[in-house]
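Reader: I am in my first year and would like a close look at one part of a protein. Please take me through the aromatic rings and what lies around them.

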Amino acid sequence: MINLHLTFIISLIFGLSACATQHRGQRGVYLTPNANIQLGTQKCKTDDSKNTWAVIIGVNDYRDPGIPDLTGAAQDAWSFYHYLTHSRGAQVHPLRAKLLINEGATKANIEEALGEFLTQACPKDQVIIYFAGHGAPEPDRPDDAFLLTHDTRLSKL
């Protein structure tokens, strides 16, 4: 089992000013990934470098009408992703960062990102998981809580 150093960053962290671009309201990534980087568990045996991996999740829009929509979570996630992958930011390679926003932030997609995408990281690598969105307590155990995905149904927590 791979022991990963996990860094959890929960929403509304700080106003990211490292990428001082005028892109409010726009979506997209201004970077072109380098497709020839080496990924996969085989590289752990031959590569001594330490890499950073990230899964960034932001949910404004919820399918269940019982969950109120948010206004800034998706933009916060996009801004953090942009900071992480930008050459003047944290310089995480875009192929090692996965961004899931709104309709893309389903339970299945998040499970794939955490359970498959991040398994490419080596034991020495750093993993960042960022979530901006609603949380809710377990109805029968209020000390336990859920992070709500785009397709969460309140009746099926």
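How many aromatic pairs does a search of the whole structure find?

Author: A search of the whole structure finds three aromatic pairs. Keep in mind that this is a predicted model. Two of the pairs can be followed ring by ring here.

Start with W53 and F117. Their ring centres are 5.5 Å apart. Their planes meet at 70°. The cut-off for edge-to-face is over 60 degrees, so W53 and F117 count as an edge-to-face pair. The pair links distant parts of the chain. W53 sits in strand β2, while F117 sits in the loop between α3 (107–115) and β4 (126–132). In sequence, 64 residues separate them. Both W53 and F117 are buried.

Now take F80 and Y130. Here the ring centres are 4.8 Å apart, with the planes at 25°. Stacked pairs have planes under 30 degrees apart, so F80 and Y130 are stacked. F80 belongs to helix α2 (residues 73–85), and Y130 belongs to strand β4. The pair therefore ties together parts that are 50 residues apart in sequence. F80 is buried, and Y130 is buried too. There is also a cluster to note: F80, Y83 and Y130 form one aromatic cluster.

Two rings have a charged residue over the face. R96 lies over the face of W53, 5.7 Å from the ring centre. K98 lies over the face of F117, at 5.2 Å from the ring centre. So each ring of the edge-to-face pair has such a partner: R96 for W53 and K98 for F117.

Next, look at V55. This residue is in strand β2 (residues 52–58), the strand that also holds W53. V55 has a relative accessible area of 0%. Buried means under 20%, so V55 is buried. Beyond residues up to four places away in sequence, V55 touches K98, A113, L114, F117, L118, I128, I129 and Y130. Some of these names are familiar. F117 is the ring partner of W53, Y130 is the ring partner of F80, and K98 lies over the face of F117. V55 touches all three of these, F117, Y130 and K98. One more distance concerns V55. Its C-alpha atom is 8.6 Å from that of Y81, a residue 26 places away along the chain.

Now step back to the whole chain. There are three helices and six strands. From the N terminus on, the order is β-α-β-α-β-α-β-β-β. Of the 157 residues in the chain, 39% are buried. Consider the contacts with a separation of 6 or more: residues 24 or more positions apart account for 71% of them. The W53 and F117 pair, 64 residues apart, shows such a long-range link.

One last stop lies away from the rings. N102 is in the loop between β3 (97–101) and α3. Its relative accessible area is 9%, so N102 is buried. The side chain of N102 reaches the backbone nitrogen of N60 at 2.7 Å. A polar atom of that side chain also lies 3.1 Å from the backbone nitrogen of D61. Neighbours within four places in sequence aside, N102 is in contact with G58, V59, N60, D61, A74 and H150.

Methods: Residues numbered from 1 in each chain as written. Predicted model: local features only at pLDDT ≥ 70, side-chain atom pairs only at ≥ 80, totals over all residues. Heavy atoms only, no water. Helix = DSSP H or I, 4+ residues; strand = E, 2+ residues; numbered from the N terminus. Buried < 20%, exposed > 50% of the residue type's maximum accessible area, 1.4 Å probe, protein only. Contact = heavy atoms within 4.5 Å. Phe/Tyr/Trp six-rings, centres within 6.5 Å; stacked < 30°, edge-to-face > 60°. Lys NZ or Arg CZ within 6 Å of the ring centre and 35° of its normal. Polar contact = N/O pair within 3.5 Å; in protein donor to acceptor, adjacent residues only side chain to side chain.
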